[in-house]
Amino acid sequence: MRQIRPARIIDRSRDQDFMREALALAAQGAALGEVPVGAVLVQDGEIIGRGFNCPISGHDPSAHAEMVAIRAAAQAVSNYRLPGSTLYVTLEPCSMCAGLIVHSRIARVVYGALEPKAGIVQSQGQFFSQGFLNHRVMYEGGVLAEECSTMLSEFFKARRARSSD
């Protein structure tokens, strides 16, 4: 006989608050000349990991905001698996970060802006829906999308203006 598991109750009440935290981290990255993407990892209503893009300053191509936040969270809880956690990130994750999200057993991803070229959650490939994965990740996009998009657009506009001078 098949057991029926109760549906997970998703608390969306603080999604915008946590996304604002991620936006603040993205701004820190932008101040250092990094592409402004920020991420926070939340478990039981508490932030356990924070990160912003730092591949340029860190000389590390894997230092995406999600990677930094997940690494910090894993250290904070002394576990490489982060079940029941939610990752808030200002930009739709790429394939590298999506793979880490699955391996980390993160329950849910909430992102702001779409990434039409390299975003793998919704824009290209719908990675989390693939049948070969051994972990299912819930996801939701568009939380504070306008603010997240605006920050990225302004960053690249300013970068183009500096390079044309």
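Okay, let's start with one residue: D15 is buried, at 4% relative accessible area. Buried here means under 20% relative accessible area, exposed means over 50%, and partly exposed is in between, using a 1.4 Å probe and protein chains only.

Before I go on, a word on what we're looking at. This is a predicted model, where local features need pLDDT of at least 70 and side-chain atom pairs count only at pLDDT 80 or more, while totals for chains, interfaces and linings use all residues. Residues are numbered from 1 along each chain as its sequence is written, and side-chain values use heavy atoms, with hydrogens and water left out.

Back to D15, then. Which residue does D15 form a salt bridge with? That's R108, and the closest N and O atoms are 2.6 Å apart. By salt bridge I mean a side-chain nitrogen of Lys or Arg within 4 Å of a carboxyl oxygen of Asp or Glu. In general, side chains of opposite charge can pair when their charged atoms come close. This pair ties together distant parts of the chain, with D15 in helix 1 and R108 in strand 4 (residues 108-113), 93 residues apart. Helices and strands, by the way, are DSSP runs numbered from the N terminus: H or I with at least four residues for helices, E with at least two for strands.

R108 is buried too, with a relative accessible area of 5%. R108 also bridges to E140, where the closest N and O atoms are 3.3 Å apart. Here R108 in strand 4 meets E140 in strand 5, 32 residues apart. E140, at 23% relative accessibility, counts as partly exposed.

Then there's R12, which forms a salt bridge with E140 at 2.8 Å between the closest N and O atoms. R12 sits in the segment before helix 1 (15-31), E140 in strand 5 (residues 138-141), and 128 residues separate them. R12 is partly exposed, at 46%. Put it together and R12, D15, R108 and E140 are linked in a salt-bridge network. The count of salt bridges comes to four.

Now, the sheet. It's an open one with five strands in the order 2-1-3-4-5, and the pairing is mixed. Two strands pair if DSSP finds at least two bridges between them. Strand 2 (46-52) and strand 5 stand at the edges with a single partner strand each, so one side of each has no neighbour in the sheet. From one strand to the next, the twist averages 15 degrees.

So where does R108 fit in? In strand 4, R108 is the bridge partner of T86. Strand 3 (residues 86-91) and strand 4 run parallel, joined by five bridges. V89 stands opposite Y111 of strand 4. And how many of strand 4's six residues are buried? Six of the six, meaning the strand is mostly covered.

Last bit: helix packing. Helix 1 and helix 5 (residues 145-164) pack at about 5 degrees, with axes 11 Å apart. Axes are lines fitted to C-alpha atoms, for helices over the stretch in contact, and angles run from 0 to 180 degrees between N-to-C directions. The contact, meaning heavy atoms within 4.5 Å, is made by M19, L23, A26, A27 and A30 of helix 1 and E147, C148, M151 and F155 of helix 5.
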